[in-house]
Amino acid sequence: MKKQERRKKVKKVTEPAKKRNHKEINQKKIVLYMVLLVIVMYLFYTTYLLIKEPTNIFTIEEGKLYQEETNIGYVIRNEKVVKGQNYKNGMEQIKAEGERAASNENIFRYYSTNETSLKQKIAQLDTKIQEVMTNDKNLFPSDMKLLENQIDEKITDIRKVTDATKLVEYKKEIDNLVTKKAKIAGESSPQGSYLRQLIEERKSYESQLNSGAEYVKAPMSGLVSYRVDGLEESLTLDNFGALSKEYLESLDLKTGKMVATNEECGKVIDNFVCYIATITSSEEAKNAKVGDKVKVRLSNHVEITAEITNRIEEEDGDFVIILKLKKQIEELTNYRKITFDLIWWDASGLKVPNQAIVEVDGLHYVVRNRAGYLSKILVKVKRQGEKYSIVEAYKNEELKELGLSSKEINSYRKISLYDEIVINPNLEKVE
């Protein structure tokens, strides 16, 4: 009886305790859920703020700005075409494409009428002469040995050469050495000998070959080219003023296409200067002046300085701009119409967003943030692009010119690399 009462008493004590514990656990869960909900809401809120308005702090770094445009250009050169009388006979290049030539120097020649036949006869005689010299033991050994060594060296070198121009040069040198060897052999042989007859016969054919060929000389010093397109007489330095948008577009040239090699004539190009004519309607072209310096970036990614020599305004508001270049002339000799980048200006230095710059009475300011302390910094804007500007600190002399007092100059804060500045600052809340 007593045991049953004790069990009932224990049961009465434990059941309320369990209920209280269960209630406390539920309350803790509710609190935990509420905390998690608050954290999730905070994360969503901060993400929303970042999306709506990204961080308002920008770290200054070194950068570069360009104001440029990609244009089509027409290459104009100081060039002279040369053509002989015997152009129908075919030609042999003495100076290779792109090679420099002096004024009045032979640059190519036209074949003589019977050149193929004469060359065959000379080759046959060279074979006979070589056979006779090989069997003749009475020749001067020292001179002949020296020439043979030179011939052997050239033959060894020619096996390593892949350049067609160099191959032609080596072949000529070997032919000259063989001829010299044959002449020495002939002089050391008795008058009227078989070898002497062969050598005299070869001289006769060689004389006919040289007299029948027509040599063409360079009219001026410069680069030799065989890429002649027929525009050398119309696109000249003398008619810049007559160039127009309509005329340039009427040429109907394909951009970036190499000028084909001509088999009947050649030309010499001034290798010190060339010009590019381009059509543009940019704001920079409207404000450009003759004598202004700009930059040109060619397809090889090289940037070179150019000068505006002519600026012709069209009726539709476009401009024909003529640019003078003194470098990369060789790069342009193969083309008449190209794509290039016209760089009106470039600037390098501290790069900041335009949204961080505030203008007050003609002066420009940024707001620097150092550990939460904001300060207004006067900066000099060197160049301003669409989204960014290149800025720098003022020098003391420049601050004096702006009218700042000695006290203001002494307390002047300078902008520097890796400074943190505020985007869209409010100057009224800054010191």
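Before I come to a loop, one definition: helices and strands here are DSSP runs, a strand having at least two residues, and both are numbered from the N terminus. With that in place, D318 can be put in the loop between β10, residues 303–313, and β11, residues 319–325. One more thing before going on: this is a predicted model.

Let me stay with D318 for a moment. Is D318 buried or exposed? Its relative accessible area is 14%, and buried means under 20%, so D318 is buried. Its side chain makes a polar contact with the side chain of K245, at 2.7 Å. Setting aside neighbours within four places in sequence, D318 is in contact with K245, I279, T280, S281, I312 and E313.

T280 in that list takes us to strand β8, which covers residues 266–280. β8 and β11 pair in the antiparallel sense over 7 bridges. Within that pairing, T280 has F319 of β11 as its bridge partner.

β8 has other pairings too. Strand β2, residues 61–82, runs antiparallel to β8, and 9 bridges join them. V82 has G266 in β8 as its bridge partner. Strand β7, residues 222–225, also pairs with β8 in the antiparallel sense, over 3 bridges. There, L223 stands opposite I269 in β8.

How many of the 15 residues of β8 are buried? The count is 14, so β8 is largely enclosed by the rest of the structure.

A277 is one residue of β8 to look at on the model. A277 counts as buried because its relative accessibility is 0%. Which residues does A277 touch, not counting those up to four places away in sequence? They are I72, G73, Y74, I76, L243, L248, I321 and I322. Take G73 from that list: A277 and G73 are 204 residues apart in sequence, and their C-alpha atoms are 5.4 Å apart in space.

Next, strand β12, residues 337–353, where D346 has its place. With a relative accessible area of 24%, D346 is partly exposed, because that value lies between the 20% and 50% cut-offs. The side chain of D346 makes a polar contact with the side chain of K295, at 3.2 Å. Apart from neighbours within four places in sequence, D346 is in contact with K64, L65, Y66 and K295. As for Q67, it is 279 residues from D346 in sequence, while the two are 6.4 Å apart in space, C-alpha to C-alpha.

Now the strands further along the chain. Strand β14, residues 363–370, and strand β15, residues 373–384, pair in the antiparallel sense over 7 bridges. H364 stands opposite V379 in β15. β14 and β15 form a hairpin with 2 residues between them, and A371 in the turn has a positive phi of about 55°.

β15 also pairs with strand β16, residues 388–392, in the antiparallel sense, over 4 bridges. The bridge partner of V381 in β16 is V391. β15 and β16 form a hairpin as well, with 3 residues between them.

β15 comes up again at a pocket. The second largest pocket has a volume of about 300 Å³. It is lined by 10 residues, and the closest to its centre are Y365, K376, L378, Y412 and R413. Which strand gives the most to that lining? β15 does, with 3 residues. By class, the lining has 5 nonpolar, 1 polar and 4 charged residues.

Last, two residues picked out for their backbone angles. D361 has phi near 55°, a positive value in a residue other than glycine. D361 lies in the loop between β13, residues 358–360, and β14. At 77% relative accessibility, D361 counts as exposed.

The second is N424, which has a positive phi of about 50° although it is not a glycine. Where does N424 lie? It is in the segment after β17, residues 420–422. N424 counts as exposed because its relative accessibility is 52%, and the cut-off for exposed is over 50%.

To go back over the burial values: D318 is buried at 14%, A277 is buried at 0%, and D361 is exposed at 77%. That is the end of the talk.

How values were computed
Residues numbered from 1 in each chain as written. Predicted model: local features only at pLDDT ≥ 70, side-chain atom pairs only at ≥ 80, totals over all residues. Heavy atoms only, no water. Pairing = 2+ DSSP bridges. Buried < 20%, exposed > 50% of the residue type's maximum accessible area, 1.4 Å probe, protein only. Contact = heavy atoms within 4.5 Å. Polar contact = N/O pair within 3.5 Å; in protein donor to acceptor, adjacent residues only side chain to side chain. 1 Å grid on protein atoms, 1.4 Å probe; cavity = no way out; pocket = protein on both sides within 12 Å on 5 of 7 lines; lining within 4 Å. Points joined across faces, edges and corners; volume = space filled by probe spheres on them. Nonpolar A, V, L, I, M, F, W, Y, C, P; charged D, E, K, R; others polar.
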